[in-house]
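Student: I've got a model open and a pile of labels to go with it. Can we go through how each label is earned?

Tutor: Sure, let's take them one by one.

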There are 2 protein chains.
Amino acid sequence: MANSVKKATLKKDILEAAAELFKEKGYAATSVRELAQSVGLEASSLYNHIQSKEQMLQEICMGNANKFTDGIEHILKTYSNPIEQLEQIIKLHIDVAADSLSSVTVFNDEWKHLSPPYQETFLKMRKSYESKVLDIIKNGIESGVLRQVDPKITLYSFLTSLRWIHYWFKPGRISKERLYDNLRIIQLDGLKKE
Amino acid sequence: MANSVKKATLKKDILEAAAELFKEKGYAATSVRELAQSVGLEASSLYNHIQSKEQMLQEICMGNANKFTDGIEHILKTYSNPIEQLEQIIKLHIDVAADSLSSVTVFNDEWKHLSPPYQETFLKMRKSYESKVLDIIKNGIESGVLRQVDPKITLYSFLTSLRWIHYWFKPGRISKERLYDNLRIIQLDGLKKE
DNA sequence: TTTACATACGAACGTTTGTTCGTTTTTTTA
DNA sequence: TAAAAAAACGAACAAACGTTCGTATGTAAA
């Protein structure tokens, strides 16, 4: 029992260190030896806890993909007003980013290095997420609560500035609430018909 | 004469191919042999035209950094109204992205792989660019033409959705003008006081 | 205390990396 | 056409890569 806990946390530590290094130097430029050293092990010892370098990337990417997939699903079930839904999406991105800054960065920037089967799955999940947000935007335009903008351009402009939260969000300096309030104003008061 | 032209275009072709590959696979995951093959040469032959792999990255990054530095300088000299200045910044980012899609991507995503002296220079230029845009935003808030938002959050939200134009801008599908019109509405009508 | 098991290790593996070298081929200049 | 310069090449390099293996060490179960 105590054993399995210890083991579980070590694996978590390794994944966290991996995310941190992948974020800092990029996946391809991070060596397994380097990663091992950062958790106080030799490279060969790592393989008692992980299966491969890429498997770590997979876990990081899929873990975050699931957070967004689950998040949007919950939003769609809980809210029906497009404005509210967009507000909740802003909150979702802030929460996920704040929850695990480095792993979100990896999720965003390093998915290219997933090998074909996993990359396909990943991109399918992302596409599905984007199309759900796109539907919200289209919905908002049709129902007249959003301005008459190009839905696709709006989608990417909207998601993009949320996807980059992890780049400048330093948890100590700005509260999640302040961040949310501002992003809501910046993003939505431009979309909302007055 | 004809010689120097030919030579110059080959070097340009190589840099373009490099930008394309760096964009597609990332700098670290792109091999010199692969790059050579993509321009129909052997790896060793490449070194008659380039000095090193990293030097190509430097040229790509610095080239684009200069475009933005020059662009913002010109905007500040030509326009005085913060709204107009922000509009021109949107135009600048669209123009640079449309001008060389892949090299802008590299400029955005692969600068990490610059070695210390160049990375420092690069980051200094970026910082300087950002602080100029920040001043415009602060200016706009103080003079009352922009909403009372957090300047830093606004800065990053604004620049971020512009920095990612290259991710979804496919020159054939949407015109620069349509893109500009929409981004101006999305971004500025949320900032402009009505 | 002995037996089993998970973990850590150093050494080694086959590959791939960026780059250099000496030579041959192509192009330009005189 | 001969001489000079530029460009392309195959072979080779030392280093670094991800991963495997046999063995030693420490820990938990009997």
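Tutor: Start with the salt bridge: a side-chain nitrogen of Lys or Arg within 4 Å of a carboxyl oxygen of Asp or Glu. Keep in mind that this is a predicted model. Searching the whole structure with that rule gives 19 salt bridges over all chains.

Student: What makes D181(A) and R184(A) a salt bridge?

Tutor: Their closest N and O atoms are 3.9 Å apart. The cut-off is 4 Å, so the pair passes.

Student: And where do D181(A) and R184(A) lie in the fold?

Tutor: Both are in helix 10 of chain A, residues 176-191. They are 3 residues apart, about one turn of the helix.

Student: How many helices and strands does chain A have?

Tutor: Chain A has 10 helices and 0 strands. Read from the N terminus, its elements go α-α-α-α-α-α-α-α-α-α. The C-alpha atoms of chain A fill a box of roughly 60 × 40 × 35 Å along the principal axes.

Student: On to the two protein chains. What relation do you get from superposing chain B on chain A?

Tutor: A rotation of 180° does the job, with 0.0 Å of shift along its axis and an RMSD of 0.0 Å. That is the relation of a two-fold axis.

Student: How do you know which surface the copies meet through?

Tutor: Look at the overlap: 100% of the interface residues of chain B are also interface residues in chain A, so the copies meet through the same surface. In terms of contacts, 33 residues of chain B touch 33 residues of chain A.

Student: Why is area used to describe an interface?

Tutor: The accessible area lost when the parts come together is often given as the size of an interface. For chain B and chain A the buried area is about 3,000 Å², with 63% of it on carbon and sulfur atoms. On the chain B side, I153(B), W164(B) and I186(B) lose the most area to chain A, together 22% of what that side buries.

Student: How many salt bridges are counted between chain B and chain A?

Tutor: The count there is 3. One salt bridge joins the side chains of E110(B) and K112(A), at 4.0 Å from N to O.

Student: What makes that pair count, given the 4.0 Å?

Tutor: The rule asks for a Lys or Arg nitrogen within 4 Å of an Asp or Glu carboxyl oxygen. K112(A) and E110(B) are listed as a salt bridge at 4.0 Å, so the pair sits at the cut-off as written. As for polar contacts, the rule finds 8 residue pairs across the interface of chain B and chain A.

Student: Which helices of chain B supply the side that touches chain A?

Tutor: Helix 1 (2-25), helix 8 (151-163) and helix 10 (176-191) of chain B each supply at least two residues. Helix 10 of chain B gives the most, with 9 residues. By class, that side of chain B has 13 nonpolar, 9 polar and 11 charged residues.

Student: Now the DNA. Which residues come nearest to strand D?

Tutor: Of the 16 residues around DNA strand D, the nearest are Y47(A), S44(B), S45(B), N48(B) and H49(B). Helix 2 (32-38) of chain A and helix 3 (43-46) of chain B each supply at least two residues of that surface.

Student: Why is the approach of S44(B) to DNA strand D called a polar contact?

Tutor: An N or O atom in the side chain of S44(B) is 2.8 Å from a base oxygen of DNA strand D. The limit for such a pair is 3.5 Å, so S44(B) qualifies. N48(B) has a polar side-chain atom 2.7 Å from a base nitrogen of DNA strand D, and the side chain of H49(B) comes to 2.5 Å from a phosphate oxygen of DNA strand D.

Student: What about R33(A) and DNA strand C?

Tutor: A side-chain N or O atom of R33(A) is 3.5 Å from a base nitrogen of DNA strand C. S45(A) has a polar side-chain atom 3.3 Å from a phosphate oxygen of DNA strand C, while a polar backbone atom of V32(B) is 2.9 Å from a phosphate oxygen of DNA strand C.

How values were computed
Residues are numbered from 1 along each chain as its sequence is written. Chains are lettered from A and ligands numbered from 1 in the order in which they are written. This is a predicted model: local features need pLDDT of at least 70, side-chain atom pairs count only at pLDDT 80 or more; totals for chains, interfaces and linings use all residues. Side-chain values use heavy atoms; hydrogens and water are left out. A residue is near a molecule or strand if one of its heavy atoms lies within 4 Å of it. A polar contact is a pair of N or O atoms within 3.5 Å; within protein, one must be able to donate a hydrogen and the other to accept it, and residues adjacent in sequence count only if both atoms are side-chain atoms. Helices (H or I, at least four residues) and strands (E, at least two) are DSSP runs, numbered from the N terminus. Contact means heavy atoms within 4.5 Å. Buried area is the accessible area (1.4 Å probe) that two parts lose on being put together, summed over both. Ala, Val, Leu, Ile, Met, Phe, Trp, Tyr, Cys and Pro count as nonpolar, Asp, Glu, Lys and Arg as charged, and the others, Gly among them, as polar. Copies are superposed by least squares on the C-alpha atoms of residues with pLDDT of at least 70 in both.
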